Each structure stands twice: as C-alpha cells, then as structure tokens.
Amino acid sequence: MITFTPLSGAARSSRTVPLAYLLQVDDISILLDCGSPDWNPENIETQSESGNGVTYPWQEYCDIVRKHASEIDLVLLSHGDLAHSGLYAYAYCHWDLRAPCYTTLPVQAMARIATMEDVEGIRDEQEVDVEEEEDNEPASAEGAESSEPRSPELKNEPKKFVATVQEVHEAFDAVNTLRYSQPTHLQGKCQGLTITPFAAGHTLGGTIWKIRSPSAGTIVYAVNLNHMRERHIDGTVLYRPAAGGVFEPLARPDLFITDADRVNVVTSRRKDRDAALIDAISATLSSRSSLLLPCDSSTRLLELLVLLDQHWKYADFRFPICLLSRNGREMLTFVRSMMEWLGGTVSKEDVGVDGSGRTGGTRRRRGDDDADDEALGAFALRFKFLEFFPSPQSLLQTYSSKEPKLILAVPASLSHGPSRLLFSDFAAVPDNVVLLTSRGEEGTLGRILFDKWNNSQRGDDKWDKGRIGSNVMMDGAMTLKINSKVPLQGAELEAFLAKEKAAKDREAAHQASMARNQRILEADEDESDEDSDSDSDEEDEVERALDESQMNTDEISNPANGSPRKRKITKNEDDADWGLDIDEGLTKQLLSFDIYLKGNVSKATSFFKSAGGQTHRFRMFPYVEKKRRVDEYGETIDVGMWLRKGKVLEDEADDEATREARRNQAEGETETPREPPSKFVTSEVEIQLACRLLFVDMEGLNDGRAVKMIVPQVNPRKMIIVHAQAAAADALIDSCANIRSMTRDIYAPSVGETVQIGQHTNSFSISLSDELLSTIKMSRFEDNEVGYVTGRVASHFSSTIPILEPSGPTIPTPNANILCTPRILGSRPIQILPRSTMIGELKLTALKSRLASVGVQAELVGEGVLICGAGARRDQSSSSIQDTVAVRKTGRGRVELEGNVSDIYYVVRKEIYNLHALVAT
C-alpha cells in the first residue's frame, strides 16, 4: 500500500513552497525533498490554514517535519535550491533526520552553496539561536557573537530553524550521490526498493526519481520540470520529441507525482524573453544608470551568467557585472569541476577551448585573476567580466553609486541580505531599474514587487498571457524593516564587558575546582595503591642509606701503603646494578647486610600483618629492585618525555628561516583583531520609490501547454498533483478528464491530507536452492524475469533466511467429477495437464508493429479490434476473408482471437504469446 502525505507545497494551497512530501511504501517512509521557507516575510504573522488562530508561516511545517524526522527511512532530494533542500541540514543535525539521503552530485553541491549563503546572510543580521541562548545563559562567552545581547526589538521574534555553516557541511557530506540512470538497490530496512535518478532540467543536476517496489510497483516523482534546452543544461529526459515522445523507462508508472504550479501560465518564447532582458540592460547602462537584478545563489544564477557573458562579449561592453554573494567563487569552482553535467551551449566539448574556438593549451593569460580556471580548462565558464563582492560595503569601496553597473545580488526574494540592503538605497534613485527574474515566495518583498508590476500591466500583457510586458515607474513610499548588527557603545558595552568578565571568572573558578578535584582523586588513588607503592618507598630509603655510606667512604687510606683509594662505581643505563671497586674485607666492614629500614624488630610477633593493621618492616638484603610501572596494556609510557624529545629534535632539524616564519605566524595569530561586541537591531526605513521595475520570466519551467501535453503521454495508472494553487490543480484535472485514455484516479491532497493507494501487503524474503533454481523456466516481462516454482520451505541453522527446496514428485489428484465418470474398457486414465499463466497487458499498437515486422499487414478498426491478414488490405476481394484474423480486447486480461485456421492465425497467435510472459505451472 502507498500512503502519500504533503507536508508543505500541496495542491490547493496558497503557499506552494517549500516542497516536502512523505511517501510511505508499505512500512518504508520516504521523504521527498526537504525545502526551507523564507524566514523573513514582510507580514510575519499570518492566519493558520487549519484555523487555529495566528501563527507564523513556517511553524506548522517545521513542527510536522520535526515530528516525522526520526521515523523517516529514506530521503530523496530533487533540486539544489532552498525550496527543495534548504531545511535538510538543520533537520539532519537537530531533528535526528539521519536516514540515508540520495541525490546527484550537482544537487549536493548547489544545495550546500544555497544553504550556506542563506544561513550566513541571516546569521549576520539576526539572532536565530534564541532558545539555546536562553537555556545556556550561565555558559561562558568565548566569542563576540555567542554572547551578544538580545535587542529589545527582537524579543518577540519566533524561533527560526537556521543551521550553522559547520552543520551545513556535516549534513551534505553525509549525502550519497548518484549518476543519471544509475539504478541503486537499497539495503537495510529499505531492502527491495530500487531508486533511479533521471534528468529533470530546470537546475543543474535536477532529478526525476523513479522508485521501484516489488509490492507497490513503479513510482515516479517529477516536479519542476523543463523540457526546453537552455544555455547551460539540457531539458528533461521525460519528454523528448526527437526521440519519439516520453522516455520509455518513465512511461506508464503505477503512480505519477507531479506539480501543476504553472498550468494556467502561457510562457513567451525564450528568444523574446532573452531579447527583452538584454534590451533593458543595454538601455539602462547606456543611459548611465544601474540595474539591480535579485537572483538566487546557485541554480538559476548560472543561466543568467552565461547569457550576460555572451552578450558582454558580443556587444563589447565595459560596464562591470557585480555579483554580491559570499559563496559565488566557490559555486563556480564546483560547476567547473562538473562539466560532464552541463549541456546546452556550455557542454563538456567546451572544456579546453576558449570563446574564439582556439585551444587554450597550458599557457596562462596575463592579467587573469582566476589562475585555477586555466588548470580546470573550462573556458566557457570563465566569466572574465564578472566581479565578486561579499557585501554592499565592499562594492561601494570599488565603484561609486553613480557609476553604471549591473548588480546581481542574493537572495532573489529580497527578504534579507545584500539584495534588500541595496534595494533600500537603489529604489530612491530615478532611472535605476530593478529587474526581477522570478516571482518569489508568497509574502516576501520580491512577490510584493512582482504583484505591483503585474497589476500595472494591461490585461493582455500580464506575465501569464505569453507577453513580455513593459517596465513601470514606481511611485509612492514603502516602509521596510532592515536588520543589522551594530557595535555596542556606552553603558551597553560596559555591561557586556562586565558580564563577559564575570563569565570568565566563573569559568576560571570552574576550571580551578576541576583541577582541585582531579588532584584529590589522584591522591586517593595513591593512598589506595599504598601496598604497591611500598616497594618504591623501600627503594628510596635503601638508596639514601647507600648514598650516606658512600659519602663516608669516598676517601679511605689503604692499610698497606697509606695512599688513599677511591671507589669506582659503574652503573648501567637503567641504574639497576652497580659495581664496587674496593676490597672485599673493607666492604664487609663498611656495609652491613643486616640493617634496619623501618619498624621495631623486638615488637614483631609475626611475619604477617598485625591485627591492628600496622605493617612491620624487617631486616632485608639491601638490593634495590627497579620495578617498571605497567597497566593492562603493558609498560606505561612517559608521553611528556617523548613530546619534549620530539620538540627538541624538530627544533634542531629546522633552519633559522623556518623558526622565524613559525614565530611570525604565532605572533600573527595572537595579534588577530577580535570582532568588537555588537548587537542585532531592527530599524524601519521609509523609501520614496522612484526607480523603474521590470519582470522577465527566467525561472526555466514548463508552462501549461507543456504540462498538458506531457502528462497524458506519460499515461500513469494513478496520479497525485502537488505544488499548485487550487485553480491550477483543477485546470490540470479537467484537462486530463477530457482524454479518454487518461486515468480517472487523480488526487490533489492539501497539506496534511493523506492519500492511500492500493492495499497493504506483506513481503517476505526467501532464498531458492541451487537445485530448484536450475529447474525453473524463466520468462521475461518488462524489467523482470518471472517463473513458477513449487517447493518446500526449509530452515537451516547457517542462514536466517528460509530456503525453498524442491519437493518430491506429486501425483496429481483427479477431479471428483472425473472419478464419478465411468471409464471405458481399454481406455487410458485421464491426466490433468498443467495450466499456463500469461502475464502482461496486450497493446494492439505494439502487436501491429510486431506483425508488420514479420510481413503481416494489420489495421485498427473501431476501438479494441485489430484486423490482421488479407482483410486489412482494402484492395482485396471478399473471397480472401479466410486469410483474415481479428484480435479483440473484450476486457481486462481477456483477448479473443477470431478467424479461420490458417498460417496467418498461427503467426498472429505466436506474436501475441511473445508479447506476454508465459509461465507454465
């Protein structure tokens, strides 16, 4: 059984993004996409769709994703933008979404870049870790950002689920990457499922997912498609007119999940849209004005860069193209390393060839800042007119606000970051142009500007009528909230420093307490090991006694000649033995082997310990036995000694220049300026709108005509519509209802609504024995091989999976009616022949093609009737009817073959058999 539940981006919903759907195949839960909403809409409080009062746009969606995150068994990402993959990093690190995640390599890279750009931009302007900071108030402050005071204006802001940069890297490093058309057989709980990615267009690496289940059949998930070829990628493989229509592996799925967001949209020709974009840019720059083009940070930005770079080369422009993005360089580096995924005019054939067609070779061009481009060889993605700026301040330091330039700023929604900050200064300048290339998410500043432009157009020139439209002059005033981080001053700075000093004092006191506790624990361990340490104490006392005797006998006169004799002592390396170069008699006089070390011998009554627990020491031979400390792994190693020795050897090996460089590096690290303490503030800015506004659709998605043409050709058995408003979903359902061959099982669930398809089935794993496998006659049907087996299930101690073994020969039991029938004398007994099962669905068009290949003419007459043989030729007389065969489909799984017994009859029957899988029982 298949269960489908939209978590966000459902049909008949006012908010179509982000996209996230829960697909359950039997007992396997699959999360299709995990997009993030816009965290800074203009009207932050909205009415809940469920009628539960005022809520925030992302609250219900994030709560339901958090609820199901730990139960999900598989995650599939289709596109690398925020609407499809933006929330995955936070859910992976905070909500225990640790299920295996699969996508293509470009989607992994583009989603990483888009998420990093989003989280860095938000965290640089707003305080998002509200709950963590309130819970960990006593924690120490190691950096300025971790202990910045919360501004009073932000006290009532809701929790925003924004990951950190480290969490983004951790999450996307765990993603498994696949190639197009690479089937992957999953293991573990998902065993039995096979997933295959196919090209979807729209974004680099965009994916159509084909999920194959042995119990539920084939499921195709295809959202945000584009069948048109673009400059940097090819169109989707789902529909290729040159290849005969729908791609065969994706045709006729059991369940087709697709979007209908643009069903009511008629898109103008790409040639006209490109011309309108280029004309607007050229006219504005020629009039010494500037353009602001809000864009995303990864996916659709590439199409714009390729288009602008080609026009700059053609027109020989000298105006700068400025990209305001923190990760723009990194994004292009990723793309240059994935040239095999590109298509269109920028393909892998362009590697190593510059724009003029000359081979680049290994020569490095002078004045080229991107030295790594030559090594990569991707001349088509060099973008020599493009300049990168991490912030608007760095842009103003390079170019003044009066110089004409084209500014590409992220994000496209203008909800935060450089694009919003620039718009607040940009919109008040007359003759400047704000150029929108996407509609933006509902409730954002980008959507508000789009609606303002669209409402200013005439009825026939609106964006969804196939026209380009014209730019409009904005007027009036607009109030915007600008989030920023400002340094602390005055009393706030003093309070922060006092708080920081108190936190450091608490941390120092805590560390001192920990050190004191550690010393106490070590002292307790020493006391508990008193018995083992007594030997070392005895060694020390013996050594002191021997040293005193040696000091008294260093110089002793020889009785024979009166000359002093000095004792010569030699020791080995471990100080375990020593030698005395003195006379034997003198040794007996000076050293007594019966010496007292500790205790009173007269009071000793027993060799063992006394009842009072006091240990007595007795006379012993003065030999110091050096014992080595050992633990459960052997002799203990003095790590500090080896580290000191290694440092000495390292210093001796380094020359003076290396030591000097190391000292300078250490001094540089210590002298790195610390970021001043700051706080997050929100200010309201009133803007007098005076610029021009223009919208050119560059989203790269199918319009309504393409969707209504492709979906019927896919011809699914059941279909679910997602990512569409109510009018668009109803339009697609009505369009499919007018096609007789199209399924009537079409669902358009809303958010939280569950759709159940099929019945719940239990699947079991069983292993076939080699003996049984050698006797099976397999027949191929589609992508599978089918056979009939009869055996006995046996369990072996060496395997956890039951084994099907061949059973003994069985005698067929005669039917009761046959037993009652009197048998004629001399006749043979009636034997029951095994029946055969034909698997498959006969398509008369496919049968017609097979008959034409073997020289039998066939013609379709009426619905469900195929005339084969002489009757299909119109020039034949009625006497040739005996060589005519009619094939009729009278019902599901029922085919009738009518005609005279002739060669044509057997040829047609043979071809019908060949179109089915024949399984003999």
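This tour moves from the whole chain to a few single residues that may be selected in turn.

Begin with the full model, which is predicted. Display the chain as a cartoon: its secondary structure comprises 24 helices and 44 strands. The chain has 921 residues, of which 42% are buried. Among contacts with a separation of 6 or more, 70% join residues that lie 24 or more positions apart. With the surface switched on, the accessible area is about 51,100 Å², and carbon and sulfur atoms contribute 49% of that area.

Next, select two cysteines. Cys190 has a relative accessibility of 6% and is therefore buried, as the limit is under 20%. Cys295, at 2%, is buried as well. The structure contains 0 disulfides.

Now turn to the backbone. Most peptide bonds are trans. Select Val17 and Pro18, however, and a cis peptide bond appears, with omega about 0°. Pro18 sits in the loop that links strand S1 (2-8) to strand S2 (20-25). Move on to Val410 and Pro411, where the peptide bond is cis and omega is near 0°. Pro411 belongs to the loop between strand S19 (406-409) and helix H12 (417-426).

Finish with two residues selected for their phi angle. Most residues other than glycine have a negative phi. Ser181, which is not a glycine, has a positive phi of about 60°. Ser181 is located in the loop between strand S8 (176-178) and strand S9 (184-185), and is partly exposed at 42% relative accessible area. Asn224 likewise has a positive phi, about 55°. Asn224 lies in the loop from strand S12 (217-222) to strand S13 (239-240); with a relative accessible area of 6%, Asn224 is buried.

Key:
Residues are numbered from 1 along each chain as its sequence is written. This is a predicted model: local features need pLDDT of at least 70, side-chain atom pairs count only at pLDDT 80 or more; totals for chains, interfaces and linings use all residues. Side-chain values use heavy atoms; hydrogens and water are left out. Helices (H or I, at least four residues) and strands (E, at least two) are DSSP runs, numbered from the N terminus. Buried means under 20% relative accessible area, exposed over 50%, partly exposed in between (1.4 Å probe, protein chains only). Contact means heavy atoms within 4.5 Å. Accessible areas come from the Shrake-Rupley method with a 1.4 Å probe; for residues, only the protein chains shown count as cover. A disulfide is a pair of cysteine sulfur atoms within 2.5 Å.
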